[in-house]
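This report describes a single protein chain and some of the contacts within it. The sequence and the structure are shown first.

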Amino acid sequence: MKNNVKQLSLTSLHLAAGGVIAPLLLSLMFGLLGLGVGLLFVLGFGVVVLAGLAFSFRGVSAFERRRVAALYDRPLDDAGMRRSRRRDGWRFVLTPLVQFADGANWKAMLHLVIVAVLGTLSLGALQLGVSGVFALFSPLQNRETLSVWGMDFAVSPFIGLLIGIGMLLVAVALIVAFAYVQRAASISLLSRDREQQLEEEVRDAGRRRTVAVRGAATERDRIERDLHDSVQPRLVSIGMTLGMAKQKLESDPARAAELIDEAHASTKDAVTELRQLARGFQPAVLTDRGLDAALSGLAARSHIPVVLDAQLPGRCSKDAEAAVYFAVAESLGNAAKHSGASEISVQVRMRGSMLWARIQDDGRGGARLVPGGGLDGVTDRIEAAGGAIMISSPPEGPTTIEVSVPCAS
């Protein structure tokens with residue numbers, strides 16, 4: 001009972017504040033809409049204004065959801081800002097349009113309109129209650145007039161007392177009713193249907209499973225190719241060298257010793273190649289010391305100077321760190337092979353609950369997704385971890401790759 005009264009009281013306070021703020025906010029957003037449309041054909045300035053409106057649209061949606069979640073102490077679904085699924089530079093252009101197409105944002109705006117209407121009515125009810133208080137005290141001061149909403153009425157003290165009590169009761173009833181309506185509207189509009197939420201989670205899990213299977217197949221092909229192209233021929237060569245040394249052991253011991261030394265050197269190279277191949281699975285330093293140390297090792301081994309700026313306050317899940325590590329490793333490898341860059345910058349940050357990385361080189365561009373290629377494998381890894389990737393690589397350069405993965409994926 002106490003919690004219910006407290007919740008209704010807080011809802012009434014929120015409505016009173018919303019009656020002042022919500023109309024101003026709606027007027028501002030409609031003003032931006034009119035300004036953006038009006039400037040649309042004036043050097044494209046309207047596009048910038050409309051993009052700002054789109055992000056304010058999303059900002060209002062996020063604020064309303066968090067406010068209602070805190071007010072009613074219940075988790076309300078917010079999947080975060082939706083972005084365009086394109087992986088090129090058009091992603092930045094289309095993401096504002098996605099905000100206007102997101103039904104969750106429109107529900108939040110409808111909720112804001114309801115807050116504005118109910119808040120205005122609540123302020124009117126509050127004013128009625130204040131007038132009721134004055135009406136109650138008017139008979140005590142032997143006044144013969146009653147003031148209601150700025151209008152004076154001639155009444156007897158007893159009638160004034162009854163009217164004051166009635167006004168107070170009506171005001172309280174209206175405020176409580178508006179609070180109940182607000183609570184029902186908030187929960188209905190800003191929380192997803194449980195069945196719909198489960199369906200979306202199942203679809204997302206199915207998509208991630210498909211991407212993970214495809215990524216595993218791509219990784220298996222890469223491992224087979226690396227074994228076939230590097231380690232296997234070297235091991236065959238070592239076997240042949242040792243066979244020749246065995247034949248020369250009695251007839252030409254000196255030549256046999258040279259062949260054994262050659263096989264020994266080739267064995268060391270094979271071990272190095274196997275270590276590099278094993279590093280492609282899961283580097284030990286990543287597991288033991290974290291992403292920052294693992295990326296420092298990548299930067300140290302890179303043929304192109306790497307400026308690493310990693311600011312990570314803590315550890316993320318194993319899958320999230322591995323996905324970002326392999327994205328950086330593949331990007332450095334591609335830059336060394338194809339870009340002719342003189343420097344690569346790598347930034348890694350925690351952005352809320354997301355692990356974010358940005359890799360940019362100053363060389364030639366033209367990087368693109370090729371089925372079965374390195375970037376395709378990176379994309380599969382990132383999406384399998386529930387993240388997103390953006391690739392921008394105009395022909396003249398530079399090539400920029402941004403990835404973001406849920407830290408708890």
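A salt bridge is taken here to be a side-chain nitrogen of Lys or Arg within 4 Å of a carboxyl oxygen of Asp or Glu. By that criterion, the structure holds five salt bridges. The model is a predicted one.

**Overall make-up**

The protein chain contains eleven helices and seven strands. It has 409 residues, and 37% of them count as buried. Its accessible surface amounts to about 23300 Å², and carbon and sulfur atoms account for 63% of that area. When contacts between residues at least 6 apart in sequence are considered, 69% of them join residues at least 24 apart.

**Salt bridges**

Three of the pairs are set out below, including the separation of the N and O atoms.

| Pair | N to O distance |
|---|---|
| Glutamate 64 and arginine 67 | 3.0 Å |
| Arginine 255 and glutamate 258 | 3.1 Å |
| Aspartate 309 and arginine 349 | 2.6 Å |

The pair of aspartate 309 and arginine 349 links distant parts of the chain, with aspartate 309 in strand 3 (residues 306–311) and arginine 349 in strand 4 (residues 344–351), 40 residues apart. Aspartate 309 has a relative accessible area of 26% and is therefore partly exposed, since the partly exposed class runs from 20% to 50%.

Glutamate 64 and arginine 67 both belong to helix 2 (residues 45–72), where three residues, about one turn of the helix, separate them. Both glutamate 64 and arginine 67 are buried.

Arginine 255 and glutamate 258 are likewise three residues apart, about one turn of the helix, within helix 7 (residues 253–279). Arginine 255 counts as partly exposed because its relative accessibility is 32%. Glutamate 258, at 47% relative accessibility, also counts as partly exposed.

**Helix 4: a buried histidine and a surface patch**

Which residues does histidine 111 touch, beyond those up to four places away in sequence? They are Glu64, Arg67, Val68, Gln182, Ala185, Ser186, Leu189 and Leu190. Among these are Glu64 and Arg67, the two residues that meet in the salt bridge of helix 2. Histidine 111 is located in helix 4, and its relative accessible area is 0%, so it is buried.

Leucine 110 also lies in helix 4 (residues 103–137). Its relative accessibility of 45% places leucine 110 in the partly exposed class. Leu110 joins Val113, Val117 and Leu121 in a nonpolar patch on the surface, and the accessible area of these residues together is about 320 Å².

**Packing of helices 9 and 10**

Two packed helices are described by the angle between their axes and the distance between the axes. For helix 9 (residues 291–301) and helix 10 (residues 318–339), the angle is about 10° and the axes are 10 Å apart. Helix 9 is therefore roughly parallel to helix 10, because angles under 35 degrees are placed in that class. On the side of helix 9 the contact involves Leu291, Ala294, Leu295, Leu298 and Arg301, while helix 10 contributes Glu321, Val324, Tyr325, Val328, Ala329 and Leu332.

Alanine 336 is another residue of helix 10. With 38% relative accessibility, alanine 336 counts as partly exposed. Its C-alpha atom is separated by 6.7 Å from that of histidine 303, although the two residues are 33 residues apart along the chain.

**The loop after helix 9**

Isoleucine 304 sits in the loop between helix 9 and strand 3. Is this residue, isoleucine 304, buried or exposed? Isoleucine 304 counts as buried because its relative accessibility is 9%, and the buried class covers values under 20%. Leaving aside neighbours within four places in sequence, isoleucine 304 is in contact with Ala335, Ala336, Ala341, Ser342, Glu343 and Ile344. One of these partners, serine 342, is 38 residues from isoleucine 304 in sequence and 6.2 Å from it in space, C-alpha to C-alpha.

**Leucine 32 in helix 1**

Leucine 32 is placed in helix 1 (residues 2–38). With a relative accessible area of 25%, leucine 32 is partly exposed. Apart from neighbours within four places in sequence, leucine 32 is in contact with Val49 and Leu53. The C-alpha atoms of leucine 32 and leucine 50 are separated by 7.2 Å, and these two residues are 18 residues apart along the chain.

Terms used
Residues numbered from 1 in each chain as written. Predicted model: local features only at pLDDT ≥ 70, side-chain atom pairs only at ≥ 80, totals over all residues. Heavy atoms only, no water. Helix = DSSP H or I, 4+ residues; strand = E, 2+ residues; numbered from the N terminus. Buried < 20%, exposed > 50% of the residue type's maximum accessible area, 1.4 Å probe, protein only. Contact = heavy atoms within 4.5 Å. Areas by Shrake-Rupley, 256 points an atom, 1.4 Å probe, with all protein chains shown as cover. Patch = residues over 30% accessible without salt bridge, like charges linked within 9 Å, V, L, I, M, F, W, Y side chains within 5 Å. Axes fitted to C-alpha atoms, helices over the stretch in contact; angles between N-to-C directions. Parallel < 35°, antiparallel > 145°, perpendicular 65-115°, else oblique.
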